[in-house]
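Biologist: I should be grateful for a close look at a single strand of this model and at the parts of the chain around it. Please describe how the strand is paired and how far the confidence values allow the model to be read.

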Amino acid sequence: MERIRRNKNKKRGLSETKVVMVGDASVGKTSLMTRYMEREYIECTSTIGAAFIIKTWGIHDIAIWDTAGEEKYAGMTTFYYRNASAAILTYDMFDRASFHNLRFRYIPVLNDVASAQLKVIVANKSDLLDTHQRQVTKEEGLELARVSNPHLNLDNSNLPYFETSAKTGDNVDEMFEYVFRHFYSNPDAESAPSSDENLEASIKLESSPKGQSNYSCC
């Protein structure tokens, strides 16, 4: 399902920063994007290839790429990591294999991307904590955030680690804006659109090369 919204009064240029959403299929990567950009939760099918949206944050245009998590697309999706400034590495806190794959499949590839200055570790589906037993502890997530960002030298309270719920929206805004503020200390308040304008007018969804993308969830 594609949703295209444009601000007809603004002519936007190329994005200044590229952020990639990384992780296994069904961990909720696209659901997190949809929650942040559209302010709603939608259950969808797995992404094929990649797709991206442009987030207008103040005067800055930030490209957020949603990459496929299925292993059969591995060769294709690693192409989209090129020139990424940051990666949002997402796992399902109730699926240990998805955490394992971040450590041993995705992060080693991202470590070869010189431009990737920030790796944010995201434990998704926190809305299920009351009814399910988590398979990955918070301490393990924090440690992965620490070892994945050795140059940041941060204490636990500032590590790039978030426990989120795309379903309820818990910590979703905080996670994305942590990434943005890492590169831009503050959006230009005078030039920044209002929240309604930003959602209804400034969101632009674009596809990757023809035949290689399908905007959908997880």
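Modeller: Val22 has Leu89 as its bridge partner in β4. This pair belongs to the contact between β4 and strand β1 (residues 17-22), which run parallel and are joined by 4 bridges. The model under discussion is a predicted one, and β4 is the strand examined here.

β4 also pairs with strand β5 (residues 118-124); these two run parallel as well, with 7 bridges between them. Within that pairing, Asp92 stands opposite Asn124 of β5. The connection from β4 to β5 involves a helix: β4, helix α3 (residues 96-110) and β5 together form a right-handed β-α-β unit.

As to the surroundings of the strand, β4 is largely enclosed by the rest of the structure, because 7 of its 7 residues are buried. The side chains are divided between two directions: Ala86, Ile88, Thr90 and Asp92 point one way, while Ala87, Leu89 and Tyr91 point the other way, and all are buried. Leu89, the partner of Val22, is thus found in the group with Ala87 and Tyr91, whereas Asp92, which faces Asn124, is found in the group with Ala86, Ile88 and Thr90.

Ahead of the strand, Tyr80 lies in the loop between α2 (74-77) and β4 (86-92). Tyr80 counts as buried because its relative accessibility is 2%, below the 20% cut-off. Its C-alpha atom is 9.9 Å from that of Lys18, although the two residues are 62 residues apart along the chain. Lys18 falls within the residue range of β1.

A further buried position is Ser148, in helix α4 (residues 138-148), with a relative accessible area of 5%. Its side chain reaches the backbone oxygen of Leu144 at 2.6 Å. Beyond its neighbours within four places in sequence, Ser148 is in contact with Ile107, Lys119 and Ile121. Of these, Ile107 lies in the range of helix α3, and Lys119 and Ile121 lie in that of β5.

Finally, on confidence, the chain averages a pLDDT of 80, and 72% of the residues score at least 70. Over residues 1-12 the pLDDT is below 50, and this stretch has 28 contacts in the model beyond near neighbours in sequence. Residues 189-218 also stay under 50, with 94 contacts beyond four places in sequence. Where pLDDT is low, predicted coordinates should not be read in detail.

Technical notes: Residues are numbered from 1 along each chain as its sequence is written. Side-chain values use heavy atoms; hydrogens and water are left out. Buried means under 20% relative accessible area, exposed over 50%, partly exposed in between (1.4 Å probe, protein chains only). A polar contact is a pair of N or O atoms within 3.5 Å; within protein, one must be able to donate a hydrogen and the other to accept it, and residues adjacent in sequence count only if both atoms are side-chain atoms. Contact means heavy atoms within 4.5 Å. Two strands pair if DSSP finds at least two bridges between them. A crossover is right-handed if, with the strands pointing away from the viewer, the path from the first strand over the helix to the second runs clockwise. pLDDT is the predictor's confidence in each residue, from 0 to 100.
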